[in-house]
Amino acid sequence: MRVLITGGMGQLGIDLTKQLSLNHQVYSVGKKEVDVANLDNVINVVRRINPDLIINSAAYTIVDECEINIDLAYRINTVGAKNMAIASLEVNSKLLHISTDFVFDGNSTNPYIEFDSPNPLSIYGKSKLAGEVCIKDICQKHYVLRTSWLYGKSGNNFVKTMLKLAEERKCIRVVDDQVGTPTYTLDLVEIVKALIKTEAYGTYHASNDGQCSWNEFAKTIFNLSGNKEIEVLSITSEELNRPAQRPKYSVMRNYMLELQLEYYVRNWQDALREYFGK
Ligand SMILES: NC(=O)c1ccc[n+]([C@@H]2O[C@H](COP(=O)([O-])OP(=O)(O)OC[C@H]3O[C@@H](n4cnc5c(N)ncnc54)[C@H](OP(=O)(O)O)[C@@H]3O)[C@@H](O)[C@H]2O)c1
């Protein structure tokens, strides 16, 4: 397949580009080549490349900044997604779009499935949900993948932040009242590879299995990386007082992957162990 990847310089974009290039003709573009918020720019590039599949991995992902730069968040996460849908329709390609667990409000006590109603708490979550809606309205051949707490070898993520803090401090405070699922970018790429072979369009939850709090995630990172001395203290979200409200519980079950593809993703601890080469 000819595959166009937007946000190709991002954490997930880099891994998608590397892995899909093994079997497909991949055109990976960063913000300089394709600004997803600019429809003319998007249409021109998409017409030129004429892809069979577009993967939109571009997003404004700094959750707290989105609370301040509201228009920018909607421009990139909503209008950007909408533009990619219009462009897909133009060349009759499939569109795979990445969304987030932050579309949910966290009031559930059971893992969210694809049929549960979203109710985002933050501008980031609202702008991402609005992007999903635009794609579903415009482009029939879509896969919308909601993932969570992404980490990989490239770009910035919680794992790298924790390892950096461990070099500077003896003690760190990490919230223990937000529960979700860390997801390894390479596991998400495998899900993408499995889905794009099919015509099973629709919305999918796409995370590693299991759940933990950020605090438990941090402790597991330090165990696996051999940082035994660092002390990880618990704090609440109220104490941390970030601008954006986050769901207290955003665990998702990959129910549609299980039902439609009989596809099961390994648990987050095994994935993290592999990340650390254990
Ligand atoms: N990271 C997570 O924990 C997480 C969790 C759930 C879902 N997701 C979703 O997963 C996807 C990939 O996230 P990621 O972790 O790879 O984030 P990332 O590293 O921030 O990558 C996003 C990329 O999009 C680019 N971008 C920003 N504005 C753009 C624009 N107007 N046009 C084109 N590109 C633009 C960014 O470039 P600049 O850096 O130069 O701005 C960046 O390279 C996103 O859809 C995100 O919402 C992420």
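Axes here are lines fitted to C-alpha atoms, for helices over the stretch in contact, and angles run from 0 to 180 degrees between N-to-C directions. The exercises below concern a predicted model.

**Exercise 1.** Determine how helix α4 and helix α5 are oriented relative to each other, and describe their contact.

*Solution.*
Step 1. Two packed helices are described by the angle between their axes and the distance between the axes.
Step 2. For α4 (residues 70-91) and α5 (residues 123-138), the angle is about 15° and the axes lie 8 Å apart.
Step 3. Angles under 35 degrees count as roughly parallel. The two helices α4 and α5 are therefore roughly parallel to each other.
Step 4. The crossing in which α4 passes α5 is right-handed.
Step 5. On the α4 side, the residues that meet α5 include Ile70, Ala73, Tyr74, Asn77 and Leu89. Their partners in α5 include Ile123, Tyr124, Cys134 and Ile138.
Step 6. Sorted by class, the contact of α4 with α5 comprises 13 nonpolar, 5 polar and 2 charged residues.

**Exercise 2.** Classify arginine 75 as buried, partly exposed or exposed, and describe its surroundings.

*Solution.*
Step 1. Arginine 75 belongs to helix α4.
Step 2. A residue is buried if 20 or more other C-beta atoms lie within 10 Å of its own, and exposed if 12 or fewer do. Arginine 75 has 18 C-beta neighbours inside 10 Å and therefore counts as partly exposed.
Step 3. When neighbours within four places in sequence are left aside, arginine 75 is in contact with Ala37 and Gly80.
Step 4. Between arginine 75 and serine 88, the separation is 13 residues in sequence and 18 Å in space, taken C-alpha to C-alpha.

**Exercise 3.** Characterise the shell around the ligand, and state which element supplies its largest share.

*Solution.*
Step 1. The ligand is surrounded by 27 residues, of which Gly7, Gly10, Gln11, Ala58 and Ala59 are the closest.
Step 2. At least two residues of the shell come from each of α1 (11-20), α4 and β4 (94-100).
Step 3. The largest share, 3 residues, is supplied by α1.
Step 4. By class, the shell holds 12 nonpolar, 12 polar and 3 charged residues.

**Exercise 4.** Establish how many residues of α1 are buried, and what the buried residues pack against.

*Solution.*
Step 1. Helix α1 is mostly covered, with 8 of its 10 residues buried.
Step 2. The buried residues are Gln11, Leu12, Gly13, Ile14, Asp15, Leu16, Thr17 and Leu20.
Step 3. These buried residues of α1 pack against the strands β1 (2-6), β2 (25-29), β3 (53-56), β4 and β6 (150-151), and against helix α7 (185-196).

Notes:
Residues numbered from 1 in each chain as written. Predicted model: local features only at pLDDT ≥ 70, side-chain atom pairs only at ≥ 80, totals over all residues. Helix = DSSP H or I, 4+ residues; strand = E, 2+ residues; numbered from the N terminus. Parallel < 35°, antiparallel > 145°, perpendicular 65-115°, else oblique. Left-handed = near helix turned anticlockwise from the far one by under 90°. Contact = placed C-beta atoms within 7 Å. Nonpolar A, V, L, I, M, F, W, Y, C, P; charged D, E, K, R; others polar. Near = placed C-beta within 6 Å.
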